[in-house]
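Open the model in your viewer and get ready to select residues. Each stop below says what to pick and what you will find there.

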Amino acid sequence: MGKAFKSGLCAYCGVAGSTTADHVIARGFFPQDLRANLPKVGACQECNHKKSKLEHALTAVMPFGARHGRASEALLTVERMLARNKPLHRLMALGFRSVFRSINGSPWMRETTVPFDGESLELLGEYMVKGLARHHWGLDLGVDTYVRASFLNDVGAAAFDQFFEGSAGGRVVNDLGEGVFRYEGIQSAEDVNVTLWKMSIYGAEVGGDPLLVGQRASLIYGVSVSKDTRAAELLSTIFRDGELAAGRSVSL
Ligand SMILES: [Zn+2]
């Protein structure tokens, strides 16, 4: 492990000291030949372990919802993994559903979906927000920071975009692994702890909100902001009211 990750606080909890190096976006999401130079941050053992468990479960499911060419390679890895993991295999086979669906008034089409734990991806998205904020801007987002990541419905996304298109102190646009993981982030000029993110994995689309039939989302929106500020109030409202209860399924 590089010296840079052995000092300072864990990028994720902001409380414990960093003792390990963690890939902010797990290597398992990427085909073998596209794993070089992925962003890493310092993390404590406990956070690293918790995050790994989320990643392990999600790398098995995400390629199914993929619009990305290289995701088919990730699928091969998944097939090998499922062959070894019988309980996971059974669970996924049970959840495969073929349904007819019309999206935005288009002709009805048959669509196959797999069950998917959206909450796990949102939780992982929150780790990614903290990791990317550390990687790009050296932030220590501790317990006094509100961090949230979620899919948003059209109304929530529009509200989020108003902030996102505004003036920013810092801005990053990045594409890791030829489109496997794309993200864009901004940092506020007034409060360095305010960062906003849009992230996509494989361009995968999730859906399944029973109240918003046909609404899909492919972007995970993320935010960090100092607690007890006006900005925190505004941003947490967007996430509370605009959340797409997505992630019950991923489309094939
Ligand atoms: Zn930690």
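How far apart are the end C-alpha atoms of H6, and what should its 12 residues span? This is a predicted model, so you are checking a computed helix. Select H6, residues 230–241. At 1.5 Å a residue, the helix should span 16 Å. Its end C-alpha atoms are 17 Å apart, which agrees.

**Stop 1: the two sides of H6**

Stay on H6 and color Leu235, Ile238 and Phe239. These residues are buried. Now look down the helix axis. The buried residues fall within an arc of 95°, so they line one face of H6. A general rule helps here: an α-helix has 3.6 residues a turn, so residues three or four places apart point the same way.

Next, select Arg230, Glu233, Thr237, Arg240 and Asp241. They are exposed, and they sit on the face of H6 turned away from its buried side.

What do the buried residues of H6 pack against? Show E5, E10 and helix H5 (154–164): those are the partners.

**Stop 2: strands E5 and E10**

Select E5, residues 145–150. Is this strand largely enclosed or not? Of its 6 residues, 5 are buried, so the rest of the structure largely encloses E5. The cut-off behind that word is 20 or more other C-beta atoms within 10 Å.

Add E10, residues 220–226. E5 and E10 pair in the antiparallel sense, over 6 bridges. For one example, pick Ala149 and look across to E10: its bridge partner is Gly222.

**Stop 3: the nonpolar core**

Zoom out a little. The largest nonpolar core has 46 residues. Select Phe29, Ala43, Met128, Val129, Leu132 and Trp197, which have the most contacts inside this core. Several elements give two or more residues to the core, among them H4, E5, E7, E10 and H6. Which element gives the largest share? That is H4, with 7 residues.

Now center on Val129. Beyond its neighbours within four places in sequence, Val129 is in contact with Val147, Ala149, Thr195, Trp197, Gly222 and Ser224. Ala149 and Gly222 are the bridge partners from the last stop.

**Stop 4: two loops with positive phi**

Select Asp228. It is found in the loop between E10 and H6. Its phi is near 60°, a positive value in a residue other than glycine. Asp228 is exposed, because it has 9 other C-beta atoms within 10 Å.

Move to Glu178, in the loop between strand E6 (170–176) and strand E7 (181–187). Phi of Glu178 is near 50°, again a positive value in a residue other than glycine. Glu178 has 14 C-beta neighbours inside 10 Å, so it counts as partly exposed.

**Stop 5: two distances to try**

Pick Asp117, in the loop between strand E4 (109–115) and helix H4 (118–137). Asp117 is partly exposed, with 14 C-beta neighbours inside 10 Å. Draw a line to Leu58. The two residues are 59 apart in sequence, and their C-alpha atoms are 8.2 Å apart in space.

Then pick Ala21, in strand E1 (residues 20–23). Ala21 is partly exposed, with 15 other C-beta atoms within 10 Å. Draw a line from Ala21 to Ala4, 17 residues away along the chain: their C-alpha atoms are separated by 9.0 Å.

**Last stop: the whole chain**

Show everything. The protein chain has 6 helices and 11 strands. Buried residues make up 39% of its 252 residues. Among contacts between residues at least 6 apart in sequence, 67% join residues at least 24 apart.

Methods: Residues numbered from 1 in each chain as written. Predicted model: local features only at pLDDT ≥ 70, side-chain atom pairs only at ≥ 80, totals over all residues. Helix = DSSP H or I, 4+ residues; strand = E, 2+ residues; numbered from the N terminus. Buried ≥ 20, exposed ≤ 12 C-beta atoms within 10 Å, placed from the backbone. Contact = placed C-beta atoms within 7 Å. Pairing = 2+ DSSP bridges. Core = buried A, V, L, I, M, F, W, Y, C linked by C-beta atoms within 7 Å. Expected span 1.5 Å × (residues − 1). Arc of directions from axis to C-beta.
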